[in-house]
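Work through the following exercises with the sequence and the coordinates side by side. Each task is followed by a solution that proceeds step by step.

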Amino acid sequence: MRLVIARCSVDYAGRLTAHLPLAPRLILVKADQSVSVHADDRAYKPLNWMSPPCTLKESAPDEGEGAVWTVQNKAGEKLIITMEEILHDSSHELGVDPGLIKDGVEAHLQELLADRMETLGDGWSLIRREYPTAIGPVDILGRDAEGATVAVEIKRRGEIDGVEQLTRYLELLNRDPLLAPVSGVFAAQEIKPQARTLATDRGIRCVTLDYDALRGVDDDKLRLF
């Protein structure tokens with residue numbers, strides 16, 4: 001990644017035209033050749049940018065004038081950056097990014113809940129995580145205290161599409177005489193009111209998961225809300 005801080009003006013020519021008057025700005029040139037121009041506000045949103053694939057050409061400055069960067073994409077659109085003064089110019093090799101790892105993602109919630117099935121009720125047990133079906137894996141397949149089969153769908157945020165997903169699993173699982181009857185549990189850290197209403201209407205139990213309690217951070221007791 002190349003970081004340039006410069007007093008510059010910026011002109012965009014394409015489907016429309018736009019102009020940024022002379023001011024100090026940060027210019028990012030990434031390894032994918034994208035170029036973005038940033039002010040010292042607006043959070044992450046650039047003032048202007050050119051997405052890849054595009055090319056960057058830098059002209060040498062004439063006497064008394066600054067360099068001009070011309071960024072052009074395949075459609076012929078141009079981002080023209082005219083430098084009056086470059087205050088900083090550095091390049092850094094960042095390498096391949098491993099990606100964002102979120103705390104409390106669905107896979108981790110699934111792992112924790114599978115290890116603590118008693119969270120859903122006394123005497124509950126695990127049959128299998130990622131139980132395969134023709135339309136995708138069910139997060140958790142388990143048995144309640146009476147030995148009945150239960151399919152559990154886990155989300156960080158429970159919304160209507162999650163209820164619909166679990167409904168499709170239940171329809172398929174209940175065709176299997178070795179499993180039927182199969183009931184459903186929709187478990188999430190947060191469940192939207194519309195999703196809860198739909199689930200209740202379809203006979204699906206809703207459980208709000210306390211992530212810290214599942215990890216044993218709060219205390220030794222697991223809570224349902």
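## Exercise 1: A salt bridge between two strands

In this predicted model, Arg-157 and Glu-190 form a salt bridge whose closest N and O atoms are 3.7 Å apart. Determine which elements hold Arg-157 and Glu-190, and how many residues apart in sequence the parts are that the pair ties together.

Solution. Start with the elements: Arg-157 belongs to strand β10 and Glu-190 to strand β11, so the salt bridge ties together parts that are 33 residues apart in sequence. Next, consider accessibility, where partly exposed covers the range between 20% and 50%: Arg-157 is partly exposed at 48%, and Glu-190 is partly exposed with a relative accessible area of 35%.

## Exercise 2: The surroundings of strand β11

Establish with which strands β11 pairs and in which sense, parallel or antiparallel, and then decide whether this strand is largely enclosed or largely open.

Solution. First, β10 (residues 149-158) pairs with β11 in the parallel sense over nine bridges, Gly-184 of β11 being the bridge partner of Ala-151. Second, β11 pairs with β12 (residues 205-208), again in the parallel sense, over four bridges, and here Ala-188 has Thr-208 as its bridge partner. Third, trace the connections: β10, helix α2 (residues 160-173) and β11 make a right-handed β-α-β unit, and β11, helix α3 (residues 193-201) and β12 make a right-handed unit of this kind as well. Finally, seven of the ten residues of β11 are buried, so the strand is largely enclosed by the rest of the structure.

## Exercise 3: A lysine in strand β10

Decide whether Lys-155 is buried or exposed, and identify the side chains with which its own side chain makes polar contacts.

Solution. Lys-155 lies in strand β10, and its relative accessible area of 16% is under the 20% limit, so Lys-155 counts as buried. Its side chain makes polar contacts with the side chain of Glu-153 at 3.4 Å and with that of Gln-165 at 3.0 Å. Beyond four places in sequence, the residues that Lys-155 touches include Glu-106, Leu-109, Phe-186 and Ala-188.

## Exercise 4: The largest nonpolar core

Find how many residues the largest nonpolar core has, and which element gives the largest share of it.

Solution. The core has 18 residues, and those with the most contacts inside it are Ala-151, Val-163, Leu-173, Phe-186 and Ile-204. Two or more residues each come from β9 (138-143), α2, β11 and α3, and the largest share, five residues, comes from α2.

Conventions:
Residues numbered from 1 in each chain as written. Predicted model: local features only at pLDDT ≥ 70, side-chain atom pairs only at ≥ 80, totals over all residues. Heavy atoms only, no water. Buried < 20%, exposed > 50% of the residue type's maximum accessible area, 1.4 Å probe, protein only. Pairing = 2+ DSSP bridges. Right-handed = clockwise from strand over helix to strand, strands pointing away. Polar contact = N/O pair within 3.5 Å; in protein donor to acceptor, adjacent residues only side chain to side chain. Contact = heavy atoms within 4.5 Å. Core = buried A, V, L, I, M, F, W, Y, C linked by side-chain atoms within 4.5 Å. Salt bridge = Lys/Arg side-chain N within 4 Å of Asp/Glu carboxyl O.
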